[in-house]
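Here are some notes to go with your first look at this model. Keep the viewer open and click along as you read.

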Amino acid sequence: MTLIKWKPSNDLPAYNLDNFFNTNEWGFTSSSDFEWSPSVDIEEFQNLYKIKMDIPGLSKKDVKITIFDNVLEISGDRKNTINSNNKYYKYNERSTGSFKRRFNIKNLINDDKITATSKNGLLEILLPKLEKDIPKEKNIKIN
């Protein structure tokens, strides 16, 4: 039996098909116009959720965080910095263009207490959970 190493990918099949037909002599995509999606980690703690997003090369001016209809949306744009006049430039792996990530927060989050910080290419968003009333013990009178 022959074993084949499988490498999972987040790319959609259509994107891979586009790459197949739009390659340069080196076998890499010839266009950097594709949208990108920053990597995200979500942690849950007792009183809050923490979203960590990799946004290297972006400042806080380049990122927008909004909430509408129980959806948290993080969007932004990374400009293309490739110098097309450089004849020695052969390969580009850093994604550019606009991105948008959405998270359904239902009625779990206290919208008024959300905070966000950005430092060294890492965006951290703290989403405090709504405080729920702790059930109290209640005696029921028997008639």
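Before we start, one term: two residues are in contact when heavy atoms of theirs lie within 4.5 Å. With that in hand, take I74, which touches M53, V63, K64, I65, F99, K100, R101, F103, L123 and I125, leaving aside residues up to four places away in sequence.

1. What you're looking at. This is a predicted model, so please read everything below with that in mind. The protein chain has one helix and seven strands. Going along the sequence, the helix comes at the start of the pattern and the strands follow, α-β-β-β-β-β-β-β.

2. Overall numbers. Of the 143 residues in the protein chain, 20% are buried. The chain exposes about 12400 Å², and 50% of that area is supplied by carbon and sulfur atoms. Now look at contacts with a separation of 6 or more: residues 24 or more positions apart account for 52% of them.

3. The core. Which residues have the most contacts inside the largest nonpolar core? They are I55, L72, I74, F99, L123 and L127, in a core of 16 residues. The elements giving two or more residues to this core are β2 (48–54), β4 (71–78), β5 (97–104) and β7 (122–128). I74 was our opening example, and its contacts include F99 and L123, both of which are also on the list of core residues with the most contacts.

4. Strand β2 and its partners. β2 is mostly covered, with five of its seven residues buried. On one pairing, β1 (residues 40–44) runs antiparallel to β2 over five bridges. I42 has I51 in β2 as its bridge partner. The two strands make a hairpin, with three residues between them. β2 also pairs with β7, again antiparallel, and here seven bridges join the strands. If you'd like places to click, L48 stands opposite P128 in β7, and K52 has E124 in β7 as its bridge partner.

5. Strand β7 from the other end. Besides β2, β7 pairs with β6 (residues 115–119), antiparallel, through five bridges. K119 stands opposite L122 in β7. β6 and β7 form a hairpin as well, with two residues between them. N120 sits in that turn and has a positive phi of about 50°.

6. A polar residue under cover. Is S75, in strand β4, buried or exposed? Its relative accessibility is 14%, so S75 counts as buried, given that the cut-off for buried is under 20%. Leaving out residues up to four places away in sequence, S75 touches D62, V63, K64, F99 and K100. Take K64 from that set: S75 and K64 are eleven residues apart in sequence, but their C-alpha atoms are 5.3 Å apart in space. As you step along the strand, remember that in a regular strand the side chains alternate between the two faces of the sheet.

7. Two backbone spots to check. D69 has a positive phi of about 55° although it is not a glycine. You'll find D69 in the loop between β3 (63–68) and β4. D69 counts as exposed because its relative accessibility is 63%, where the cut-off for exposed is over 50%. K106 also has a positive phi, of about 45°, and is not a glycine either. This residue, K106, lies in the loop between β5 and β6. K106 is exposed too, with a relative accessible area of 51%.

8. Rings and charges. Where does R78 lie relative to W36? R78 lies over the face of W36, at 3.9 Å from the ring centre. There's another charge over a ring to look at: the charged end of K129 sits over the ring of Y49, 4.9 Å from the centre of that ring. As for rings paired with rings, the count comes to one aromatic pair.

Note on methods: Residues numbered from 1 in each chain as written. Predicted model: local features only at pLDDT ≥ 70, side-chain atom pairs only at ≥ 80, totals over all residues. Heavy atoms only, no water. Helix = DSSP H or I, 4+ residues; strand = E, 2+ residues; numbered from the N terminus. Buried < 20%, exposed > 50% of the residue type's maximum accessible area, 1.4 Å probe, protein only. Areas by Shrake-Rupley, 256 points an atom, 1.4 Å probe, with all protein chains shown as cover. Core = buried A, V, L, I, M, F, W, Y, C linked by side-chain atoms within 4.5 Å. Pairing = 2+ DSSP bridges. Phe/Tyr/Trp six-rings, centres within 6.5 Å; stacked < 30°, edge-to-face > 60°. Lys NZ or Arg CZ within 6 Å of the ring centre and 35° of its normal.
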